[in-house]
Amino acid sequence: MKNTLIPIAGAAMLLMALAQTIQAVPITGNIGFTGRVAYDGTTAGTSTEVVNWINPNVNGTSGSFTGIANGTASNLTSPWFFNTSSAINNFWTVGGFTFQLLSSWITAQSGGDLGFVVVNGTGIVSGNGYTPTVLGWSFTSQDPSVTQNPATFTFSASANSVPDGGTTMMLLGIAFSGVVLLKRKLTA
């Protein structure tokens with residue numbers, strides 16, 4: 001009996017290690033950026049693109065992003081057209097994470113006395129050993145005041161953990177079934 005436990009324990013450990021390597025770890029949480037921005041037009045409400053990001057930095061994190069300190073400098077790609085359906089690799093990078101913009105669209109814009117623009121979009125964030133994960137995000141900016149020229153912006157992205165649909169439990173079940181079958185074969 002003692003001799004059969006060693007192969008069974010070894011097989012169980014091998015199957016559990018295999019199940020761990022297959023299991024994906026998605027990115028969770030939120031990350032925000034702030035700074036100043038220059039547009040292609042004279043107001044946020046009439047512009048169609050960001051031509052330059054000025055001192056963008058992290059202004060809030062949670063979940064997988066918590067290791068990035070507020071105030072950390074970030075890199076954002078410019079120019080960036082508000083309405084785009086073309087992927088932009090490395091749209092932003094910070095703290096070992098990289099974001100690929102998939103699409104963006106204007107959801108609200110006004111060019112009145114207090115012009116503003118709100119742009120939403122989707123993309124994929126990857127890095128730091130996590131599985132690439134889809135993010136939803138929002139960019140907002142308003143016309144600069146006399147004392148705050150150029151305009152300020154905020155950019156926030158959110159990754160919500162998606163359940164794995166039972167894959168982990170299925171792999172665990174297969175592993176235990178294999179152990180039981182191996183045990184029966186060895187005891188027969």
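How many bridges join strand E1 (residues 29-39) to E9, and in which sense do the two strands run? The points below address this question and the surrounding architecture of the predicted model.

1. Pairing of E1 with E9. Strand E1 is joined to E9 by nine bridges, and the two strands run antiparallel. Within this pairing, Val37 stands opposite Ala151 of E9.

2. Pairing of E8 with E9. Strand E8 (residues 130-142) also pairs with E9 in the antiparallel sense, here over six bridges. Ser138 has Ser156 in E9 as its bridge partner. Strand E9 is thus named in both pairings, with E1 and with E8.

3. The two faces of E9. Strand E9 spans residues 151-159. Its covered face consists of Ala151, Phe153, Phe155, Ala157 and Ala159, whereas Thr152, Thr154, Ser156 and Ser158 form the uncovered one. In a regular strand, side chains alternate between the two faces of the sheet. Of the residues named in the bridges above, Ala151, opposite Val37, belongs to the covered face, while Ser156, the partner of Ser138, lies on the uncovered face.

4. Overall fold. The chain contains two helices and nine strands. Their order along the sequence is α-β-β-β-β-β-β-β-β-β-α, with a helix at either end of the pattern.

5. Contacts and burial. Among contacts with a separation of 6 or more, 53% are between residues 24 or more positions apart. Of the 188 residues in the chain, 32% are buried.

6. Surface. The accessible surface of the chain amounts to about 10400 Å². Carbon and sulfur atoms contribute 60% of that surface.

Technical notes. Residues are numbered from 1 along each chain as its sequence is written. This is a predicted model: local features need pLDDT of at least 70, side-chain atom pairs count only at pLDDT 80 or more; totals for chains, interfaces and linings use all residues. Side-chain values use heavy atoms; hydrogens and water are left out. Helices (H or I, at least four residues) and strands (E, at least two) are DSSP runs, numbered from the N terminus. Buried means under 20% relative accessible area, exposed over 50%, partly exposed in between (1.4 Å probe, protein chains only). Contact means heavy atoms within 4.5 Å. Accessible areas come from the Shrake-Rupley method with a 1.4 Å probe; for residues, only the protein chains shown count as cover. Two strands pair if DSSP finds at least two bridges between them.
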